[in-house]
Amino acid sequence: MPRSWKWEAKVARPVAWSTALYDGLLDLTPRTEPTLFGDLDRSRRRFVTVDECVWTLYQKEVTGLLDRYRLEWNNPPCLLPGGEDAKTRDSANRIYDEMDAFGVPRFDESPIAIGGGVLHDVFGLVAGEYRRGVSWDFIGTTLVAAIDSMFALKCGVNEGWKNRSGLYHPARLSLTDARFFRTLEPHQIRDGFAEIIKVAVAGDPALFRLLEEHGPRVSEERFPAADDASEEILSRSMSWMMRELKRNPFEHETARASYLGHNISPGLEPTLTHGHAVALDIAWTSMIAWRRGLIGRYVRDRILRLIRSLGLDVWHPAMEDTDRLAAALSDTARHRGGQQRIPTPSRVGRVTYLGDVTTDELRRAVEDQHQWESDDLPASRSPGGDRR
């Protein structure tokens with residue numbers, strides 16, 4: 001008679017991460033923030049990777065910060081180009097090889113990445129795989145990184161679809177400073193505002209009103225210092241993202257408000273930048289919500305006008321490839337356990353979740369976006385109340 005023995009184990013793996021917004025991050029000293037780079041009494045060796053553009057703009061300031069903490073670091077640092085084209089296994093392997101040559105141990109010498117969201121994702125993947133996971137620190141220098149990447153546990157590279165290969169490995173500490181945004185290109189500011197719009201539509205009506213009143217000016221001025229509106233826009237966006245992600249860090253619950261704008265958008269990248277694709281996705285779900293009577297024309301138009309006021313499109317020619325958008329939505333559903341779970345506005349600051357959007361409905365919403373953009377969309381298509 002067959003015999004067997006069985007042993008089981010169930011453990012909880014702790015995960016901790018923190019984020020911080022500074023005014024004067026590159027001016028910090030060991031006196032003001034003694035533990036910024038961890039316990040320096042244990043080791044001062046740090047491997048550093050910097051976005052090429054950031055290094056060009058801030059080489060003196062970054063070098064000064066690291067040297068004030070008397071770090072023993074790889075000067076010049078490992079440099080990685082920015083943009084989605086760099087989000088590859090080849091980039092990860094480059095970082096891995098230089099990290100290994102530097103001799104990063106498993107504990108006490110958390111490597112440091114300084115750059116935007118692409119560097120965050122690629123470097124986090126390397127840190128998560130290297131020696132089966134080393135702690136790491138991140139300084140975010142773009143608005144997308146500050147609002148989105150710094151809070152995500154997810155790291156990875158693009159293989160076929162965006163972020164197809166990856167893992168959950170958050171930075172020990174993520175830092176940013178609005179002063180970085182002053183040197184961003186206008187399209188990078190717009191990309192970041194797409195993520196802020198996501199937060200406002202999905203969960204913060206007060207932020208939505210702030211954006212309506214002050215968003216275009218703050219965008220134009222690139223988050224001016226000592227400006228109450230720009231400070232509140234940043235702080236409200238970042239605090240909401242932390243609350244949203246810490247309650248469901250590993251995405252076991254796939255009905256996530258932060259998925260707003262992340263449904264068909266992978267089908268628009270890399271033709272469009274991430275933020276641009278997110279804004280178009282938000283417009284798309286708003287059209288679906290209007291068609292279904294979940295929101296009225298008043299709320300629909302508030303959302304679409306806000307998107308447009310911040311320099312983003314409500315429709316783009318890349319959306320004409322609806323077959324690719326349908327494929328992206330199918331892939332999104334596979335990622336969410338076989339269900340679409342599409343966050344869809346039910347009013348400003350709240351979403352509901354749809355699981356039955358058809359390809360025909362997808363295409364009709366895209367057509368509605370195009371007609372709205374052309375001021376050619378009839379007003380009486382929704383059974384919902386006009387101001388709902």
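This passage describes the nonpolar core, two helix pairs and one residue of a predicted model. Residues are numbered from 1 along each chain as its sequence is written, and side-chain values use heavy atoms, with hydrogens and water left out. Because the model is predicted, local features need pLDDT of at least 70 and side-chain atom pairs count only at pLDDT 80 or more, while totals for chains, interfaces and linings use all residues.

A good place to start is the inside of the protein. The largest nonpolar core contains 125 residues; such a core is a set of buried Ala, Val, Leu, Ile, Met, Phe, Trp, Tyr and Cys residues joined through side-chain atoms within 4.5 Å. Here, buried means under 20% relative accessible area, exposed means over 50%, and partly exposed lies in between (1.4 Å probe, protein chains only). The residues with the most contacts inside the core are I95, F181, F223, W284 and I307. Helix α8 (residues 274-291) gives the most to this core, with 11 residues; helices are DSSP runs (H or I, at least four residues), numbered from the N terminus. Setting aside neighbours within four places in sequence, I95 is in contact (heavy atoms within 4.5 Å) with F47, T49, C78, L80, L119, V122, F123 and V126.

Helix α8 also takes part in a helix pair. The axes of α8 and helix α11 (residues 359-373) come within 9 Å and cross at roughly 105°. Axes are lines fitted to C-alpha atoms, for helices over the stretch in contact, and angles run from 0 to 180 degrees between N-to-C directions. The two helices α8 and α11 are therefore roughly perpendicular to each other, a label for angles of 65 to 115 degrees. On the α8 side, the residues that meet α11 include W284 and R291, and their partners in α11 include E361 and W372.

A second pair is formed by helix α5 (residues 186-203) and helix α7 (residues 228-246), which pack at an angle of about 65° with their axes 10 Å apart. That angle makes α5 roughly perpendicular to α7. The contact is made by I196, K198, V199, A202 and G203 of α5 together with I233, S237, W240 and M241 of α7.

Finally, attention turns to a single residue, Y96, which lies in helix α2 (residues 89-102). Y96 is partly exposed, with a relative accessible area of 36%. Although Y96 and V126 are 30 residues apart along the chain, their C-alpha atoms are separated by 6.2 Å. Leaving aside neighbours within four places in sequence, Y96 is in contact with V126 and Y130.

Technical notes: Angles under 35 degrees count as roughly parallel, over 145 as roughly antiparallel, 65 to 115 as roughly perpendicular and the rest as oblique.
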